[in-house]
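Welcome to my notebook. I wrote these entries while looking around a structure that was new to me, and you are welcome to follow along.

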Amino acid sequence: MRPRRLELHGFTAFRDPQEIDFTDLDLFVITGPTGAGKTSLLDAVALALYGQVPRMGKQGLGQLVSHGKAEARILLEFAVDGDSYRVARRLPRSGAQQGRFERWSGEQWVDAVERGGIKPVNDAILDLVKLDFESFCKAIVLPQGEFARFLKGEPAERRKTLVALLGLGAYERMGALARDRSKELRIKGEQTRTILAEQYADATPEALAEADQSADATASAAETAGVTLSSARDIDGRRTRAVAHGATAAGLAERFAALAQDVLGEVEAAKSAGLAHRDASERCEAERGLLEAAKKDRADAAANRAEVVGRHGTPEEVARVADALERRALLDQRVDEAEQQLELATQTLDMLRGEHEARVAADVQAQAALEAAAAVEMTKQTEAQRLSGDRDLLQRRAEDAATAATEHDIETAALIDLEKLAGDPAADVATARATHTDAMAASEALRRDHLVVALVAGLEAGDPCPVCQRPLAEHPATDSDVERRLAEAKRAADSAAEAVDVAQRKAADAAASLTAAKTRIGDAARRLAAVLGDFADRSALETAATLASTEASTAEAARADAESERTAAQEHKHAAALAATKSQAELEAATREQALRAEGRAHATADRDAALLVLHEHFGGAVPEDAADRVARARAELREADEHADAASRAEAAAHDAVAAADEVQRQALAGLTTLDLRLGQLRTRAEGACADLAGVPLGFELGDLPEPSEARDERAEQLATWCSTAHLALVAAAREHDETATVAAREIVQLAAAQDLEAGDAVAALAALEKAEKDAIEARARSEESLRRLGERVSQRAQLEAAISEDAGQISVLDVLGVELRADHFVDFVIQETLDVLAVHASKELLRISDDRYSLVSDEGEFSVVDHVNADEKRSVKTLSGGETFMASLALALALSKHVSDLAGEGLGARLEAVFIDEGFGSLDPETLEEVIDALERLREDDLLIGVISHVPALAERIRVGLHVQKDGNRSVVVEAS
Amino acid sequence: MKLLHTGDWHVGRTLHRRQRLEECEAVLAELVGITADENVDVVLVCGDVFEHFAPSAEAERIVYSTLLALRATGAEVLVIPGNHDNAKRFGAVESLFRAAGVRVVPEVRRPTAGGVVEFDGRDGARVQVACLPWVAERMLYTAADLMREQEEPYKEYAEELPRLVAALCAELDPTAVTVLAGHLFVSGAAVGDGERDLTIGQIFAVTPAALPTTVQYIALGHVHRPQDIPGAATPARYAGSLLQLDFGEATQSKSVTVVDVEPGRPPRLRERELTAGRRLVQVRGTLDELEAYRDTEDEAWLKVELVCDGPQPGLADDVREILPNALEVRLDYPREDPEGRAGELRRLSPRDLFSRYYRERHGAEIEPSVLKLFDELLEEVGGAPA
């Protein structure tokens with residue numbers, strides 16, 4: 001394990017995030033004042049790897065969280081055997097830690113544990129680093145005061161460390177495994193023996209031979225049963241065939257008997273059918289003669305009718321002429337009526353058209369009147385609006401003028417009040433000034449008196465006069481009260497000056513107020529004048545307003561009159577429009593009526609002209625007088641010819657029906673003959689079928705072929721009947737012979753069964769009994785073969801189990817050997833002793849190097865001693881070493897452990913130490929020893945080992961130079977790279 | 001113009017916990033005497049003045065009084081820190097030094113910002129000294145930035161440091177004596193055991209060809225054996241330490257270098273041997289043979305190789321009874337090779353280890369069936385059988 005990078009957040013004194021890069025470090029010092037958190041850096045490494053810290057373990061880790069932080073976070077990147085890993089932990093102030101362990105895949109970090117939770121993370125790291133927490137604290141982080149423990153401590157403790165470091169627990173686990181396995185094998189052996197006793201006692205070779213014999217016996221019994229069954233089946237075959245032949249012969253005898261009966265029945269029928277067919281043929285000839293005569297009559301009647309039509313025309317033509325004759329007068333009358341109606345409609349139309357034109361003219365006139373009335377109304381309205389506007393304008397001006405006048409009056413009154421209030425300010429000022437002048441004069445007089453007092457103060461009679469230098473005759477008189485009065489006079493003057501100021505301010509204020517009031521009066525007068533404008537005064541303005549009001553009212557009345565006139569015109573126009581619309585509708589109706597009447601007249605004329613045309617065509621020009629009689633005659637002749645023709649037609653149809661009936665009778669007679677032929681054929685076929693069924697049935701004689709059929713139907717039937725009767729008798733005899741044969745065979749089978757001790761009433765039962773006996777024999781053989789096989793298997797299983805027991809017994813003895821030898825106090829002790837010896841050799845090499853060839857180390861019965869090479873190889877107990885010597889020896893041991901622990905442990909076992917942290921004070925060392933220590937440390941630079949030394953001794957840092965410095969600033973620490 | 005080139009005082013250095021302050025003081029007094037004797041104009045102290053980053057007060061007293069005594073001879077004194085020195089401590093007292101007439105250049109500076117120090121000689125000549133204190137690899141980037149004209153990518157130490165030196169020496173005055181004083185490792189120099197291994201590794205080595213040609217003399221500190229740099233175009237030299245600091249230096253004689261130089265002319269170098277301080281001596285032999293040395297090496301510190309059959313309690317005392325100054329008593333006897341055994345064990349698979357265990361415990365070979373089962377179980381618990 002070699003740390004690469006450490007990140008701290010909120011851990012102990014490192015409140016702010018810290019990142020430490022170990023990548024480029026080999027030998028380095030972590031310096032800093034006591035309490036700055038140097039050791040915390042190592043604690044962080046331990047916490048990251050194990051979730052616990054030295055001296056504290058797993059409890060109360062929350063107190064490692066920086067003050068004011070909710071949690072500490074630590075991330076450690078490290079390498080093991082060249083692979084990169086990182087572990088991150090989150091340590092809350094209270095509650096469970098969280099952890100994540102990742103491996104660098106070459107491209108990215110991937111989770112190195114499969115399950116969540118903190119325990120898998122701890123387990124995975126432990127598995128990787130191969131060093132438990134205790135050993136980590138002893139071998140990698142060499143804590144303060146414990147550095148020399150491995151060197152000087154108790155053998156048991158050393159042993160414990162080595163077991164962990166070298167992974168020697170593996171041997172103890174192997175021993176335990178061997179003991180467990182031995183125990184398992186013993187238990188298994190016991191179980192097998194029990195099984196043998198309980199389940200395999202009968203599986204002996206003797207039993208196997210016995211079973212073999214019994215299997216042979218059942219096999220031969222099965223064979224005998226098979227042979228007997230086979231001959232019984234042969235006999236039964238013979239019997240079955242005889243029974244079948246007998247039955248067939250009997251059945252055919254019955255069929256021939258029935259056939260003879262049926263054929264005899266057809267003989268009479270054949271005779272009567274021949275007679276019926278002859279009668280039907282004769283009647284057919286007679287009916288055909290009658291039909292020819294009827295056909296000739298019908299042709300004659302048709303010729304007669306054609307001649308009558310040629311003379312008078314067809315009955316339809318004659319009917320049309322009769323109709324035209326009858327309707328001629330009526331049609332003429334209809335034409336006249338239609339003419340009259342058309343005339344009436346035309347007159348009505350003309351009248352309505354005139355009326356409509358008059359109404360349209362009236363409507364146009366009403367429209368013109370309405371437009372004129374509207375124009376008048378518009379004019380009146382414009383006039384009224386103009387006048388009303390004038391009136392409103394003047395009235396508003398009159399109101400504004402009144403307001404302005406009122407304001408002017410108010411301001412004027414206010415000015416008068418102000419003038420009264422102000423009185424005469426100039427006079428007040430003059431009075432105050434006079435008072436002040438007086439006060440000043442009084443004060444000046446007193447000041448002069450006071451000066452004199454000051455000058456003469458302290459003078460005595462005879463002193464020179466301060467003014468004229470002549471000696472004073474006497475002390476000059478002074479007014480002792482002058483000072484007080486001067487003060488009073490000054491106060492009076494000051495207050496008089498104040499009074500002047502007050503009076504002047506008042507005068508100024510009054511003047512300002514008056515000026516303001518006058519300005520306001522002027523403003524009001526200007527506003528009034530602006531409102532009045534052209535008008536001389538307010539009364540002129542008001543008169544004008546009143547006049548305008550009257551004019552506006554007059555105009556409004558005129559506008560109202562115009563409006564009512566326009567309304568009347570509107571109503572008139574509306575009525576005229578309605579009348580025009582109505583007459584329009586009437587006109588359209590009359591036009592439609594006239595068109596209808598014209599059409600009616602055209603129809604009537606056409607009908608009449610068509611009737612005339614028919615008559616002219618029939619009579620070839622004029623219509624004769626007796627036209628009606630001639631028409632009646634023609635109609636009678638036509639009717640008679642038609643009746644003749646119809647009668648002839650009916651006679652012909654009846655003759656036709658008679659011929660058809662005769663034909664039908666003849667056809668039925670023929671069909672009767674055909675049916676008879678068919679029946680006789682069928683009977684012969686039946687006889688032939690029965691003969692075919694006889695094939696294969698042994699009879700003991702020849703039956704002969706069927707007779708050839710003769711021409712006459714009745715003879716043919718008699719012949720066949722005779723043959724069938726003969727066959728019947730022969731077959732009855734054959735059936736009786738076959739029954740005899742079957743009875744003999746059945747008796748033989750029953751005898752065979754009896755020979756096998758099987759009771760049976762008939763052949764079928766006997767055969768069934770034989771078959772069952774054979775099946776039983778086969779099953780018995782299979783059963784005995786199966787039990788033979790099974791016994792064979794169990795005999796071989798028993799042999800295997802016995803072999804396994806003896807094999808396990810060998811394995812148990814081997815396991816027991818290992819179980820004993822791999823106990824902690826056997827092989828592991830041996831390895832530890834050996835290891836300590838080897839370790840001493842390696843440590844000596846290191847020690848010689850770092851002590852400049854002075855010391856080496858030997859191991860004796862698990863205790864270390866130092867050999868002093870400059871003192872004749874004197875051997876000294878490690879307990880007597882000085883501080884520097886102890887340090888060097890311990891360091892040498894630690895290095896030897898670090899470098900060789902993986903060699904010593906054996907392949908695949910043991911941890912690989914790639915880093916050592918020495919947390920040692922060094923503060924107590926004298927300079928000489930310190931130099932030795934530093935020299936010793938410096939000699940380590942060449943090793944490919946990360947060696948971190950924690951010290952607050954400045955000289956150490958100065959000499960090693962490379963390092964990390966932990967700075968403490970208030971209650972937070974930071975790590976800086978020192979160089 | 002006469003220069004005295006020294007360095008690698010390592011005041012405060014102990015040998016097997018024996019303080020050597022008295023020896024330091026004595027040899028420094030000798031140095032002051034030589035300075036006065038030679039009428040030296042400028043003393044160049046090329047790094048590793050102290051042994052420790054945090055030197056003791058006594059060590060400081062010795063160094064500071066020596067610097068004052070050197071100045072008192074009338075010589076100018078220039079000090080640069082080496083890899084053992086705490087440059088910041090020098091920086092802290094730079095102005096105090098200056099007040100006392102001692103110049104110190106605690107870190108790499110631009111030529112115009114104190115990186116080049118100028119002194120006047122008694123003969124009227126001037127000397128310009130370009131100062132290159134120890135530049136740790138980690139500090140190089142910052143130091144190189146100072147000198148860099150334009151943006152260039154950072155290169156390896158061995159490539160970058162010469163650029164820095166070239167920039168430092170680029171604009172020296174050709175009418176003055178020009179010198180580079182530096183604390184660095186030049187490849188090809190012969191090394192004893194006393195220098196720190198690490199700072200002499202290849203990454204810190206500068207090739208002689210990369211040394212500047214724009215100066216007349218290159219005064220170097222860092223390597224304890226006094227020596228000229230072979231293959232340098234400009235005369236360049238390690239003055240070496242004052243004492244034999246380590247048994248690796250036991251055969252070396254120690255000196256300071258006196259340089260006579262005029263502007264534009266090649267310098268003339270002379271060694272003045274130092275004799276103060278105890279010698280370091282290695283002796284070898286059986287106890288009987290060591291008797292021959294009894295009372296002969298009272299003043300020297302001894303490293304004794306005792307030829308014997310093997311370690312025995314009290315052997316060291318026996319040796320010291322004969323030779324009380326034996327700081328190291330190493331034994332010479334045929335040793336078994338523990339490495340071989342360790343290698344053998346390391347190659348053992350769990351299976352072989354178990355076989356061996358069984359053999360040792362039971363005195364019999366293990367049954368193959370047991371071994372086979374061992375393999376199976378090992379696979380089951382996750383280990384791979386051999």
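**Backbone angles.** I started with Arg17(B), which counts as partly exposed because its relative accessibility is 42%. I found this residue in the loop between strand S2 (14-15) and strand S3 (18-19) of chain B. What caught my eye is that Arg17(B) has a positive phi of about 70° although it is not a glycine. I reminded myself that most residues other than glycine have a negative phi. The model is a predicted one, and I kept that in mind throughout.

I then looked up Asp48(B), which also is not a glycine and has a positive phi, near 55°. Asp48(B) sits in the loop between strand S4 (42-46) and helix H2 (57-72) of chain B. Is Asp48(B) buried or exposed? I read a relative accessible area of 1%, so Asp48(B) is buried.

**Cysteines.** How many disulfides does a search of the whole structure find? I got 0 over all chains. I checked Cys691(A): the closest cysteine sulfur belongs to Cys724(A) and is 8.0 Å away, so the two are too far apart for a bond. Cys691(A) is partly exposed, at 26% relative accessibility. In chain B, I noted that Cys131(B) is in no disulfide either, with the nearest cysteine sulfur, that of Cys46(B), 8.7 Å away. Cys131(B) counts as buried because its relative accessibility is 0%.

**Nonpolar cores.** In soluble globular proteins, nonpolar side chains tend to be buried together. I looked for such groups here and found that the largest nonpolar core has 125 residues. Among the residues with the most contacts inside this core are Phe78(A), Phe827(A) and Phe354(B). Helix H15 (residues 824-850) of chain A gives the largest share, 11 residues. I also noted a second, separate core of 33 residues, which includes Leu21(B) and Val63(B).

**A sheet in chain A.** I traced an open sheet of 6 strands with antiparallel pairing, in the order S2-S1-S4-S5-S6-S7. Strand S2 (18-21) and strand S7 (109-111) of chain A are the edges, each pairing on one side only. On average, neighbouring strands are turned by 20° against each other, direction ignored. Strand S1 (residues 2-9) of chain A pairs with S2(A) over 4 bridges, and there I saw Leu6(A) opposite Ile20(A).

Two helices went into my last entry. Helix H1 (residues 38-50) of chain A packs on the sheet, at about 80° to the direction of S4(A). Helix H2 (residues 118-129) of chain A lies across S4, S5 and S6 of chain A, at about 40° to S6(A).

Conventions: Residues numbered from 1 in each chain as written. Chains lettered and ligands numbered in written order. Heavy atoms only, no water. Disulfide = S-S within 2.5 Å. Buried < 20%, exposed > 50% of the residue type's maximum accessible area, 1.4 Å probe, protein only. Core = buried A, V, L, I, M, F, W, Y, C linked by side-chain atoms within 4.5 Å. Pairing = 2+ DSSP bridges. Axes fitted to C-alpha atoms, helices over the stretch in contact; angles between N-to-C directions. Contact = heavy atoms within 4.5 Å.
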